[in-house]
Amino acid sequence: MAQYTRVSGSVGLITLQSPPVNALSAAMRQGIVDMMQRALSEPEVKSVVICGQNGIFCGGADIKEFGGQMSGPPLIPMIHAIEAASKPVVAAIEGIALGGGLELALGCHYRIAHSKARVGLPEVTLGLLPGAGGSQRLPRLIGVPAALDLITTGRHVTAAEALKFGLVDQITDHNTVNVAVKFAQRVADQPLDARRISTYPCLCPSDVAVLFEEVMQRVRRTARGAIAPIACVQAVRAAATLPYNQGMERERELMATLFTSGQARALQYFFFAQRAVGRWSMPSGARWDTSKPRPVHKAAVIGLGTMGRGITVALAQAGFSVVAVETQEKQLMEAKQAISGMLERGAKRRGVAPALDKINYGRNIQSVADVDLVIEAVFEDMALKKKVFQQLSAVCKPSTFLCSNTSGLDIDQLACQTRNPELVVGMHFFAPAHVMKLLEVVYGPKSSPLAVATAMQLGKKIGKVSVAVGNCRGFVGNRMLKPYLEQALFLLEEGATPEFVDQVLEEFGFAMGVFRMSDLSGLDVGWKVRMADGLAMPDPTTGQPTRLRQGRRYSPLGDLLCEQGRFGQKTGRGWYQYDKPGSQVAKPDPWLHSFLDEYRARHALVAHRIDHQEVLERCLYSMINEGFRILEDGIAAGPEDIDVIYVFGYSWPRHHGGPMFYAATVGLNKVLERLEHYYQAHPDVPSLQPCHLLRKLVASGRPPIQKWREVIKKVRSQL
Ligand SMILES: CC(C)(COP(=O)(O)OP(=O)(O)OC[C@H]1O[C@@H](n2cnc3c(N)ncnc32)[C@H](O)[C@@H]1OP(=O)(O)O)[C@@H](O)C(=O)NCCC(=O)NCCSC(=O)/C=C/CCCCCCCCCCCCC(=O)O
């Protein structure tokens, strides 16, 4: 775990050895304690260097240990002992020094970093704070404003930025360990008192109280109910206002609260879930580790509307050559201008040259003949998409992967239009496509593991978190959205207002409640789909909007709004009113309230008092129930896939882990019991009927979420 060698005669070199990231597990901490003792006890050794194996200093505490009983030497006394050492200790930082890894480096007397290294205190992203002295040492070293920024955002900084802050003493382009060893030799006789950060006064600007107030307000506004960012501010405030020892005590108290909170558990689960989705599998047994992707050098995008533009930008920014096709001259010119603007703004932000020359624009689909992969992004219309796929199949090389950016259409029907259906997959991007992290890679029954592996790898290369999912209406994300939206409408019919439903969901942590979100995305989008499905129509016998379709409850409220031209923000009216079309400031609309009253009266619906709990349970549990159905159907391989999709694509609050993790924390038996209760009250709403897998998990003794796959496997094998 930690290896000790003596180099250059007088330097004790401690190398952290625990791939992949040299995390500070109990064994690693024990190793460091032992090796430090050895270095300090050897009279020939005048100074010490701590480095990491394989070009990585340290990725911090071992997150896996947080879930169990902590054992081994604690981190805080270990770091204190390093700082108190009588011989200079130099951290040689290569690759990364994150979290506890940076806190370890802050306990050292000097820090030398490679120019390509990144450092940071990302504990806040795991629901924690830098609880091994980081919240107290960092402000003492780099000042309160910079420390607040790093600790509350968890962002990683480059070595150059770290040098500017004074966080590291030197950066090098050469072998960092060699440089650190020479440095350690040079400082071997230097006094250490001025190098112990815990003894420094905390560097505060004169208006520090105002600064804390401002940061606290910002954090509360953006945290959406997450508690760790607030605790981080409180911990830094302790550094600024208390002596070091008392500050450490405050850090410990705050850490204890966070450490045992459900939010930390959810965020740590989510850390591993994000990584788990990369290890995809298909019901056929094909898997990430047995399916090799084919390299993609040149790609094409067909259709340069909002989605196509974003996809083109994402590809070009990642260095792909792109053929961007739009058949209408005027639209092509507009798209070219918009894409250039997006690339220029993005390049300016990142301090690089815009990748304008990566894109060739054309009006003719023939121009994609030699590309390796095409992403079709035309209007969401099956007939149109089928036509495009027929054309692509005729024009492209036989080996070209043909992908559709669709939010829910049947991939199999598109694959059937082509010569090589095994090379067809869905790539469901989320708007704006160059910004949003999520990509659903959708495999149909004919999609080959090669096509899935290639689309997954492409997604990774363009910076997306890609999740492989099966083919069904709406895939995972939009399929689960349907019961959620449906419940929200039913709640309005029964007496709630859009403002109240949104308030409850936003208090839960969604960036936007369901109605504000619908106004933003445009009510006409769903209306068109419902019309195509034959739903958004008056009852043929009465001519009235009907509340029952195919024996199921149906709410025509959204359709009625659309019939009035209320499409949301873009028309200045929707579930809310806006000052003008395109405005984003939603205001309650008295017209809407009267409309709801009239609607209820017309349908003899008696409004009743709907409370916070009912809104949350009906909206979330119906969505979660659909999530269990998706698992049962094999559309998602595991709960992690669903959770990652919901956090990255649908603004599910990350500190609740995702809908499936949330169900596990609420208790599956409680979710089941409440669904049964609501289904009894609403037997014409099938999405409230608890699904078989949920019942099975409860009957199996509610195993932890990590064990659900075993039960899922059994349930699927019985189907
Ligand atoms: C940037 C990375 C490091 C690397 O990224 P990349 O190259 O893309 O690779 P990945 O795929 O992400 O990772 C590769 C595998 O490594 C695993 N991994 C990564 N980091 C860790 C880690 N820190 N621990 C465990 N495992 C890790 C990862 O999962 C991959 O494996 P797999 O594919 O999943 O199998 C990137 O990985 C990254 O960003 N890592 C996280 C960095 C991070 O966030 N570090 C901070 C960790 S938290 C920390 O350090 C906290 C320190 C303070 C602790 C103080 C403890 C005091 C306890 C007090 C408790 C008080 C309780 C009181 C209770 C009471 O009183 O009762």
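## A tour from helix H18 outward

Start just past helix H18 by selecting Gly-509, which follows the helix and has a positive phi, near 130 degrees. A word before we go on: this is a predicted model.

**Stop 1: helix H18.** Now select residues 498–508, the whole of H18, and colour Pro-498, Val-501, Asp-502, Val-504 and Leu-505, which are buried. Turn the view until you look down the axis of H18: the buried residues fall within an arc of 160 degrees, so they line one face of the helix. What do the buried residues of H18 pack against? Show helix H17 (477–494), helix H19 (514–521), helix H22 (590–602) and helix H23 (612–632), and you have their packing partners.

**Stop 2: an annotated region.** Next, select residues 474–578 together with 615–704. The UniProt annotation "domain: 3-hydroxyacyl-CoA dehydrogenase C-terminal", from an unreviewed entry, covers these two stretches. Keep residues 615–704 selected for a moment: this span is 67% helix and 0% strand, and its end C-alpha atoms lie 26 Å apart.

**Stop 3: the domains.** Zoom out and give each domain its own colour: domain 1 is 2–259, domain 2 is 298–472, domain 3 is 514–602 and domain 4 is 612–718. If you place a marker at the C-alpha centre of domain 1 and another at that of domain 4, the two lie 40 Å apart.

**Stop 4: the ligand.** Centre on the ligand and bring up the 26 residues that surround it; the closest are Gly-60, Ala-61, Gly-99, Gly-100 and Arg-275. Strand E5 (96–98), helix H10 (244–259) and helix H11 (262–276) are the elements that give two or more residues to this shell. Which element supplies the largest share of the shell? That is H10, with 3 residues. Colour the shell by residue class and you will find 16 nonpolar, 6 polar and 4 charged residues.

**Stop 5: Ala-355.** For the last stop, pick Ala-355, in the loop between helix H13 (329–350) and strand E12 (359–362). Is Ala-355 buried or exposed? A residue counts as buried when 20 or more other C-beta atoms lie within 10 Å of its own, and Ala-355 is buried because it has 20 others within that distance. Leaving aside neighbours within four places in sequence, show Ala-316, Gln-317 and Leu-343, with which Ala-355 is in contact. Finally, draw a distance from Ala-355 to Ala-231: they are 124 residues apart in sequence and, C-alpha to C-alpha, 41 Å apart in space.

Technical notes:
Residues numbered from 1 in each chain as written. Predicted model: local features only at pLDDT ≥ 70, side-chain atom pairs only at ≥ 80, totals over all residues. Near = placed C-beta within 6 Å. Helix = DSSP H or I, 4+ residues; strand = E, 2+ residues; numbered from the N terminus. Nonpolar A, V, L, I, M, F, W, Y, C, P; charged D, E, K, R; others polar. Domains from an automatic or database assignment. Buried ≥ 20, exposed ≤ 12 C-beta atoms within 10 Å, placed from the backbone. Arc of directions from axis to C-beta. Contact = placed C-beta atoms within 7 Å. UniProt positions renumbered as here; feature names shortened; annotations may be inferred.
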